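Welcome! Here are some short exercises for getting to know a new structure, each with a worked solution. Have a look at the model first, then work through them in order.

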Amino acid sequence: MDDATTKRVGEIRVRVEAATFGPWSWFGTPKEPILATTTGGKVFVIKPHRSGLNGATFWWRGGAKGYPRMIKTEECAIKEREYRNDLERIDHPDAEFIAHSRTDIPFLLEQVDALEAELKAFRDEQLERCENGNCDSTDSIYHEGCDGMFCIHGYCQDCGSHLIPETVTEGAA
Ligand SMILES: [Zn+2]
Ligand SMILES: [Zn+2]
């Protein structure tokens with residue numbers, strides 16, 4: 001991973017660690033949906049709250065950042081301009097985690113793909129060496145299919161088949 005990737009992964013890690021512990025699930029009713037933890041006593045993460053006559057807002061989990069109880073969005077809202085009401089962001093670890101997840105997760109999946117491709121290339125390179133008789137491994141694994149032996153890299157010296165599937169990404173159901 002390059003520096004930018006390492007930095008971004010670090011930022012995601014901080015967001016994950018700051019957010020309320022999981023797993024999370026929806027509870028409540030259609031008119032009052034509540035996002036809460038499924039373990040640890042159903043801790044409320046987001047709870048809707050009536051605001052004025054026609055409005056509604058969220059309450060966020062308390063206990064974070066020294067807030068002892070559930071806190072209203074107004075209390076952790078960062079406005080674009082002090083004199084206007086438009087939100088820039090919500091200064092709560094769960095709000096940050098949720099908003100970033102839409103880009104954080106695709107980014108992490110990209111890293112998984114890149115690392116898998118790198119691993120596959122590395123394995124293919126080694127298997128090629130084994131196929132060409134340049135295997136330096138002395139350990140071996142029994143191959144029931146041909147009654148022969150795989151080298152530690154997964155190449156069968158007896159029948160030429162590979163122990164490791166050609167594509168590791170396929171087969172994910
Ligand atoms: Zn080998
Ligand atoms: Zn074999």
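**Exercise 1. Find the residues of the largest nonpolar core, and say which strands supply at least two of them each.**

Step 1: Start with the terms. A residue is buried if 20 or more other C-beta atoms lie within 10 Å of its own, exposed if 12 or fewer, and partly exposed in between, with C-beta atoms placed from the backbone. A nonpolar core is a set of buried Ala, Val, Leu, Ile, Met, Phe, Trp, Tyr and Cys residues joined through C-beta atoms within 7 Å.

Step 2: In this predicted model, local features need pLDDT of at least 70 and side-chain atom pairs count only at pLDDT 80 or more, while totals for chains, interfaces and linings use all residues. Residues are numbered from 1 along each chain as its sequence is written, and chains are lettered from A and ligands numbered from 1 in the order in which they are written.

Step 3: The largest nonpolar core has 6 residues, namely Leu 35, Val 45, Ile 46, Phe 58, Trp 60 and Ala 95. At least two of them come from β3 (44-51), and at least two from β4 (55-60). Helices (H or I, at least four residues) and strands (E, at least two) are DSSP runs, numbered from the N terminus.

Step 4: Now look at Ala 95. Leaving aside neighbours within four places in sequence, Ala 95 is in contact (C-beta atoms, placed from the backbone, within 7 Å) with Trp 60 and Ile 90.

**Exercise 2. Work out the order of the strands in the open sheet.**

Step 1: Two strands pair if DSSP finds at least two bridges between them. In general, strands of a sheet pair through backbone hydrogen bonds, either parallel or antiparallel.

Step 2: β1 and β2 (residues 33-37) are antiparallel partners over 5 bridges, and here Phe 27 stands opposite Ile 34 in β2.

Step 3: β3 and β4 are also antiparallel, with 6 bridges. Lys 47 stands opposite Trp 59 in β4. In the hairpin of these two strands, with 3 residues between them, Gly 52 has a positive phi near 75°.

Step 4: β4 is joined to β5 (residues 71-72) by 2 bridges, again antiparallel. Trp 59 stands opposite Lys 72 in β5.

Step 5: Put together, 5 strands form an open sheet in the order β1-β2-β3-β4-β5, with antiparallel pairing. β1 (24-28) and β5 are the edge strands, each pairing on one side only.

**Exercise 3. Describe the backbone at Pro 23, Lys 42 and Asp 147.**

Step 1: Pro 23 lies in the loop between α1 (3-18) and β1. The peptide bond from Gly 22 to Pro 23 is cis, with omega near -5°.

Step 2: Lys 42, in the loop between β2 and β3, is not a glycine but has a positive phi of about 45°. Lys 42 is exposed, with 12 other C-beta atoms within 10 Å.

Step 3: Asp 147 sits in the loop between β8 (140-143) and β9 (148-151), and its phi is near 65°. Asp 147 is exposed, with 9 other C-beta atoms within 10 Å.

**Exercise 4. Where does helix α3 bend, and which elements do its buried residues pack against?**

Step 1: α3 (residues 93-131) bends by about 55° at Ser 101. The bend is the angle between axes fitted to the seven residues ending there and the seven starting there.

Step 2: Its buried residues are Pro 93, Asp 94, Ala 95, Phe 97, Gln 126 and Cys 130. They pack against α1, β3, β4, β7 (87-90) and β9.

Conventions. Contact = placed C-beta atoms within 7 Å.
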